[in-house]
Amino acid sequence: MKEGWEAVIGMEIHAQLATETKIFCGCRAEFGGEPNSNTCPVCLGLPGALPVLNERVVDLGARAALSLGLEIQETSIFSRKNYFYPDLPKGYQISQYDKPFSANGMLTIMTAERDEHGHAMEWKPMKIHIQRMHLEEDAGKNVHEGLPETDRYSYIDLNRAGTPLGEIVTSPDFRTSWQAYDYVNHIRRALQWVGASDADMEKGNLRCEANVSVRRIGETAFNNKVELKNLNSVRFMQKAIEYEIERQIAAHESGEGVSQETRLWDEKNNQTRVMRSKEDAHDYRYFPEPDLQPLKVDSEFIERVKKEMPELPEAMRERFVEVFGLSYADASNLVSDKSLAEFYETVARLSLNPKLSANWTLGEFLRELNNSGKTAAESLLTAEDLAELIKTVESGTINNNQAKEVMIEMFATGKPAAEVISEKGFEQISDSSAIEKIVDDVIASNEANVSAYRGGNEKLFGFFVGQVMKASGGKANPKVVNELLRQKL
Ligand SMILES: [Zn+2]
């Protein structure tokens, strides 16, 4: 950022809550599907149809709120947000306004600035104030692509109309695009972790908007802000914010100024462009939804939801450091994904070697996962089998390089360690009677060398080891070979 300037950024995230059905009717809330197939009089907004709140939305909303450190309000009120748009058949969206479901959260995230290659420099904790998370229904979709005569027509798909959302709004606490980037990733992981949302930006079940303005350092008033939309990935969002910061600084410095407007990220040209100006700003005329009771929750409900929630990533990271003796960095990497953390924990408990388990999980195993685009939960190689492999390495039956080769095969086929080891012929002969026979043969057929060794030429010991290994096809356990040769020579 140009010296003397700072950015002021606030974030709004819409997360689709992972329910089976919509928020106010029994229609399925799934991604894809024949257009307009998941609809009914309620989500089509037909006259006389009455909304009924889906209890599961409240459960998942509470999980989301608790995972983000928000306070759940005893009473929240659904309101009608009025505006006209083709994808909103009722002419209003049921949302929450002055009495949201949850409010006043203080969230600690880890954030780092990046160098010119995009590599994180020093990770530091940062506190973010989340003003609120309210519950609402989604609108439908206007479709402008892949259908006939889209230059003349817009198409409407109402499958999404009425799917449940949590809208998470922060104070303007961010000063750089990377802080916003790290925040969105934190939210994604937290929501996925507790099962509140799939939080997949590509499928559109997590959408973010950034409010961006800039000011000279030392100023306390805010300048006009720009709302950035159409941010289809966290990386695009970061780029859009970065572009917008530079654009606004230049506009202020040239005296041209910044208008309050909504801008889109234009992927092709790597720039933001105007979507609508303030003149088009809506007056939503919110009023309480007369067809829904105020939503009341008690402490018993909150206690139950807390009990059903999995251990949160921060707590898990601390436990990995304390109980398993891992470094902070290893523990952080493991809890970057819930299924990876759970996988690791099973490996560590079964192999009884937490450190070696962390090395294998974060090394060979994670590399295979990344190469295949799979999550730990989708891996054919199970935690039980990896633990077995680690024990085999520790026992000395196979060496480290062989074990890596074995693991790659296990990952590809889902076969257990023992099967792959015997297929590859890596199995070592540790049975001393079998090795003893080879040792005896070698000694019997090398009389001259035996006398020389016994006469003091100790260098010949290596020769005998080599002969035994050769006779066993490289499979004899070297430790046993050494012991037997020392005995017999
Ligand atoms: Zn419906």
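Which residues coordinate the zinc ion? In this predicted model, the zinc ion is coordinated by the SG atoms of four cysteines, namely Cys25, Cys27, Cys40 and Cys43, at 2.3 to 2.4 Å. The angles among the 4 donor atoms run from 99 to 116 degrees, and the site is tetrahedral; four donors count as tetrahedral if all angles lie between 85 and 135 degrees. Along the sequence, the donor residues follow the spacing C-x1-C-x12-C-x2-C. Cys25 belongs to the loop between β1 (5–16) and α1 (41–44), whereas Cys43 belongs to helix α1, so the pair ties together parts that are 18 residues apart in sequence. Both Cys25 and Cys43 are buried.

Aromatic contacts were examined next. The search of the whole structure yields 15 aromatic pairs. In one of them, the ring centres of Tyr243 and Trp265 are 6.3 Å apart and the ring planes stand at 65 degrees, so the pair is edge-to-face; planes over 60 degrees apart receive this name. This pair links distant parts of the chain, since Tyr243 lies in helix α4 (residues 234–253) and Trp265 in strand β13 (residues 261–266), 22 residues apart. The two partners also have separate descriptions of their accessibility. Tyr243 has a relative accessible area of 30% and is therefore partly exposed, while Trp265 has a relative accessible area of 5% and is therefore buried. The reasoning rests on the cut-offs: buried means under 20% relative accessible area, and partly exposed lies between that value and 50%.

The rings of Phe463 and Phe464 also form a pair. Their centres are 5.3 Å apart and their planes are at 70 degrees, so this pair is edge-to-face as well. Phe463, at 28% relative accessibility, counts as partly exposed, and Phe464, at 0% relative accessibility, counts as buried.

Ring pairs further link four tyrosines, Tyr83, Tyr97, Tyr284 and Tyr286, into a cluster. One member of this cluster, Tyr284, has a charged partner: the charged end of Lys81 sits over the ring of Tyr284, at 4.4 Å from the ring centre. An arrangement of a charge over a ring also involves Arg486, which lies over the face of Phe461 at 4.0 Å from the centre of that ring.

Notes:
Residues numbered from 1 in each chain as written. Predicted model: local features only at pLDDT ≥ 70, side-chain atom pairs only at ≥ 80, totals over all residues. Heavy atoms only, no water. Phe/Tyr/Trp six-rings, centres within 6.5 Å; stacked < 30°, edge-to-face > 60°. Helix = DSSP H or I, 4+ residues; strand = E, 2+ residues; numbered from the N terminus. Buried < 20%, exposed > 50% of the residue type's maximum accessible area, 1.4 Å probe, protein only. Lys NZ or Arg CZ within 6 Å of the ring centre and 35° of its normal. Donors = N, O, S within 2.8 Å, 3.2 Å for Na, K, Ca; no water. Tetrahedral: all angles 85-135°; square planar, octahedral: opposite > 155°, others 65-115°.
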